[in-house]
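Work through the exercises below with the structure open. Try each task before reading its solution.

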Protein chains: 2
Amino acid sequence: MSAAGLGLNPGPETAWIAALFDSVRAGQGEACVHDTLLTIGPGDDAAAFETPPGCRVVVSTDASVEGIHFRREWMTWETIGYRAAASALSDLAAMAAVPIGLLLSVALPPELDASASASLGRGVGEALGVMGGELLGGVLVASPGPVMVDAVVVGHADTPVGRGGARAGDEVWVTGALGGAAAAVADLRAGLEPIPSARQAFERPVPRVAEGRWLAEETSLNALIDLSDGLSRDAGHIATASGVRLELEFERIPVHPAVEPYLESRAGRRLLLGGGEDYELLLTAPAGRVKPVRGGFEDRFRLALTRVGRVVAGAGVVVTDAGGTAVPVEGGYDHLGLT
Amino acid sequence: MSAAGLGLNPGPETAWIAALFDSVRAGQGEACVHDTLLTIGPGDDAAAFETPPGCRVVVSTDASVEGIHFRREWMTWETIGYRAAASALSDLAAMAAVPIGLLLSVALPPELDASASASLGRGVGEALGVMGGELLGGVLVASPGPVMVDAVVVGHADTPVGRGGARAGDEVWVTGALGGAAAAVADLRAGLEPIPSARQAFERPVPRVAEGRWLAEETSLNALIDLSDGLSRDAGHIATASGVRLELEFERIPVHPAVEPYLESRAGRRLLLGGGEDYELLLTAPAGRVKPVRGGFEDRFRLALTRVGRVVAGAGVVVTDAGGTAVPVEGGYDHLGLT
């Protein structure tokens, strides 16, 4: 898309934005499923779109900061863009919402090669291509140092599923296998090359957008969250918001192959229980409601759906081993890096 | 609001976010006009809200970066927060949209005093209190250096007014007086204290949200934009998006008192034509359609509404003096700071 096509004056800022938007569209391919909803697009003061009748609009934002959430030397600019968009889109999955689109705020140091922002844009587009949604707009500003990417997602849902509906008696289920992304980060921090499946889990997580919607339609979800902070913290978010206690069984938790060899160690358990950014879904549903659709889910999405515990009266999260002994829960991803 | 009220686990990150959100609400006062729309609020994975039937949803984002868009020594944290929110809300004014709410992404260096983020939040709340809208959510992350604030606004409009509808024969009108914010910045850069009215224009701009809606309802707007980049650049945005030429008459342009004494100089003209961040509205409408409501507008809003030119076939923007000579148009605020 040219600067003129964006409805902007020519100029350095405009050229940068146009190049960034071009890259997003190039990365996205032909997956623009919501074209008809968009009445005024990027390049105006704001984007405007219609929403399907009777639905609710769902919005969320997620920020990635260089030196805090990523390091340039760990991954390509394309991966940085993909992960920023995927992380925000995962918040829509966690509400059982359909993505409408994304707004992108990027702060870049002016000395950065223009090909870096193009790569970053392609990565954002790739995530939109996989999960669905339009580029609704955004801003590109200068940064005096670190690269920052803020991705804002907008979606719609007939009945958004929040964190606050878990009830005593519910079962707790999780999609996929956990700890892969954290295992990759641990390797990278140690200067080691992660195994390919762990690197993939870290670099190209696939937010469970379609899976979340399917589960909301086919079963009866009381609470839903995506695993961005780590199982123990995110289970804690449901417990706090719902005013209940989540009891998880350690042996039932599905383990990523990269973590499997280390499960006897404290570090391994920490990766599994505290490792963030797997972007799988954690849900609670009334007893017996998920099992009948489990086979259909696993066939359709080629993804495990595993019961990992139950909801009881009380507060907080406990993880117990086969003997009933509590497994220490440590860590959990704190996005401020303060713990 | 406590961390528990936000549905989040206790912890350092949660405490920071809760404090920030508390501050926004404290700054906002009792102006939460859209409570009934919000079905799931901040603290969940995303906010969810209903929209009035038949309307369109309008979204925009705006980023402020320390060292690029503001300097700590120029203003208080409260002002930094207010301006970040006001700048984003002005994009809703520029679409003749009603604010629903705002999402806030803030990156702060961990060594920063907690009172700074509280002040920043109060400023955001103050802007929401003045212009309307709920706090819909947000994130607080660590920054390795500069403070960054990204404000995302969501609104609704029956008929959003974009930049691309100006037609040859339209009149061009502007609200308020221009150049005050730029005059304050020029003084601050020179180490001088701006006159109070200029400092006010810079620190507490009032986006023309109510004015934009009123104009869209009472007259017939073809194009609408807010003056964030400066008159010449923003007029150029309309010209480019609409495929027309805007002819502005220099003597008609309403001048802020801080710029008045310098109008004979090149620097003064540059403040008037190129100075950004006044957040007034520039609009085009068919000839004769604005004048009948002008008195009503000025009485209601205590704000000037001035015809400054016309739309003709062609491209670009020209500014002419009383003798018909072209006035050089320089500058214009480039948010990348590259020009």
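**Exercise 1. A sheet in chain B**

In what order do the six strands of the open sheet in chain B lie, and what kind of pairing do they have? The model is a predicted one.

Solution.
- Step 1. Going across the open sheet of chain B, the order is β8-β10-β7-β11-β9-β12.
- Step 2. The pairing in this sheet is mixed. In general, strands of a sheet pair through backbone hydrogen bonds, and they do this either parallel or antiparallel.
- Step 3. Find the edges: β8 (223-226) and β12 (316-320) of chain B each pair on one side only.
- Step 4. From one strand to the next, the twist averages 25°.
- Step 5. Look at one pair. β9 (residues 245-249) of chain B and β12(B) run parallel and are joined by five bridges. Arg245(B) has Gly316(B) in β12(B) as its bridge partner.

**Exercise 2. The two domains of chain A**

Find which elements of domain 1 of chain A each supply at least two residues to the side that touches domain 2 of chain A.

Solution.
- Step 1. Set the bounds: the domain assignment gives residues 12-157 of chain A as domain 1 and residues 171-320 as domain 2.
- Step 2. The C-alpha centres of these two domains of chain A are 26 Å apart.
- Step 3. Domain 1 of chain A puts 18 residues into the contact, and domain 2 of chain A also puts in 18 residues.
- Step 4. On the domain 1 side, the elements of chain A asked for are α2 (77-93), β4 (98-108) and α3 (114-131).
- Step 5. α2(A) gives the largest share of that side, with nine residues.
- Step 6. Sorted by class, the side of domain 1 of chain A that touches domain 2 of chain A holds 13 nonpolar, four polar and one charged residues.

**Exercise 3. Buried residues**

Which residues of the largest nonpolar core touch the most other members?

Solution.
- Step 1. This core has 218 residues, and those touching the most other members are Val59, Ala85 and Leu102 of chain A and Val59, Ala85 and Leu102 of chain B.
- Step 2. Take Val59(A) and leave aside its neighbours within four places in sequence: its contacts then include Val152(A), Val153(A) and Val154(A), and also Ala46(B), Leu103(B) and Val154(B).
- Step 3. Turn to helix α5 (residues 196-203) of chain B, where the buried residues are Ala198(B), Arg199(B), Ala201(B), Phe202(B) and Glu203(B).
- Step 4. These buried residues of α5(B) pack against α2 (77-93) and α4 (180-189) of chain B.
- Step 5. For chain A as a whole, 60% of the 339 residues count as buried.

Note on methods. Residues numbered from 1 in each chain as written. Chains lettered and ligands numbered in written order. Predicted model: local features only at pLDDT ≥ 70, side-chain atom pairs only at ≥ 80, totals over all residues. Domains from an automatic or database assignment. Contact = placed C-beta atoms within 7 Å. Helix = DSSP H or I, 4+ residues; strand = E, 2+ residues; numbered from the N terminus. Nonpolar A, V, L, I, M, F, W, Y, C, P; charged D, E, K, R; others polar. Pairing = 2+ DSSP bridges. Axes fitted to C-alpha atoms, helices over the stretch in contact; angles between N-to-C directions. Core = buried A, V, L, I, M, F, W, Y, C linked by C-beta atoms within 7 Å. Buried ≥ 20, exposed ≤ 12 C-beta atoms within 10 Å, placed from the backbone.
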